[in-house]
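Biologist: Please take a close look at one part of this protein with me: its salt bridges. Which residues pair up, and how open are they to the outside?

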Amino acid sequence: MKISTILATKGSNVVTIRPEQTLKEAATTLAQHNIGAVVVTDEAGQVVGIFSERDLARAVARYDDFLTRTVGEVMTRRVVCGTPQDDVMSVIETMTNRRFRHLPILDQGRLAGLVSIGDMVKAIMQDYQGTIETLHAQIIEG
């Protein structure tokens, strides 16, 4: 299964934020959209980072004035990105080994979506369920 399969169901809408926005604004954005991470983009729409609940928690522990700090000060700068053609199982392995839960998807250098580890587990479970149902029908009919 490919990442494109997940994006076909989930859609390609990605919540983004700018690096100069405050952590208060970022936390509000996460809460309003009920999400765990936002992609940080520059003026041209290029990915420059990712800001997650973990980044927020680290900022709270590190700075007394964390609400006025900017996203750019605390975001994760070394962002691993995927493509729609990537294999879901290999992406899950990378995310597990590198310990992150959200992966921006780029298609020809443009932000095309964001997938979470939960999105991928859900897709794999649905795929397995379909296989189980097919096998069950073949056994019953055969």
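Modeller: Here is a walk through some of those pairs, followed by a short look next door.

Keep in mind that this is a predicted model, in which local features need pLDDT of at least 70, side-chain atom pairs count only at pLDDT 80 or more, and totals for chains, interfaces and linings use all residues. Residues are numbered from 1 along each chain as its sequence is written, and side-chain values use heavy atoms, with hydrogens and water left out.

Side chains of opposite charge can pair when their charged atoms come close. The rule used here asks for a side-chain nitrogen of Lys or Arg within 4 Å of a carboxyl oxygen of Asp or Glu, and the count comes to seven salt bridges.

Let's start with Arg-18, Glu-20 and Glu-43, which are linked in a network. Arg-18 pairs with Glu-20, and their closest N and O atoms are 3.4 Å apart. Arg-18 also pairs with Glu-43, where the closest N and O atoms are 3.4 Å apart. That second pair ties together distant parts of the chain, 25 residues apart: Glu-43 sits in the loop between β2 (37-41) and β3, and Arg-18 in the loop between β1 (16-17) and α2. Such helices (H or I, at least four residues) and strands (E, at least two) are DSSP runs, numbered from the N terminus.

How open are these three? Arg-18, at 26% relative accessibility, is partly exposed, and so is Glu-20, at 49%. Glu-43 is exposed, because its relative accessible area is 69% and exposed means over 50%, buried under 20% and partly exposed in between (1.4 Å probe, protein chains only).

Now for a pair inside one helix. Asp-55 bridges to Arg-58, with the closest N and O atoms 3.5 Å apart. Both belong to α3 and lie three residues apart, about one turn of the helix. An α-helix has 3.6 residues a turn, so residues three or four places apart point the same way. The two partners have their own settings: Asp-55 is buried at 3%, while Arg-58 is partly exposed at 44%.

Finally, the look next door. We met α2 as one border of the loop that holds Arg-18. Thr-29 is part of this helix, which covers residues 23-33. Thr-29 counts as buried because its relative accessible area is 14%. Setting aside neighbours within four places in sequence, Thr-29 is in contact (heavy atoms within 4.5 Å) with Val-15, Ile-17 and Val-38.
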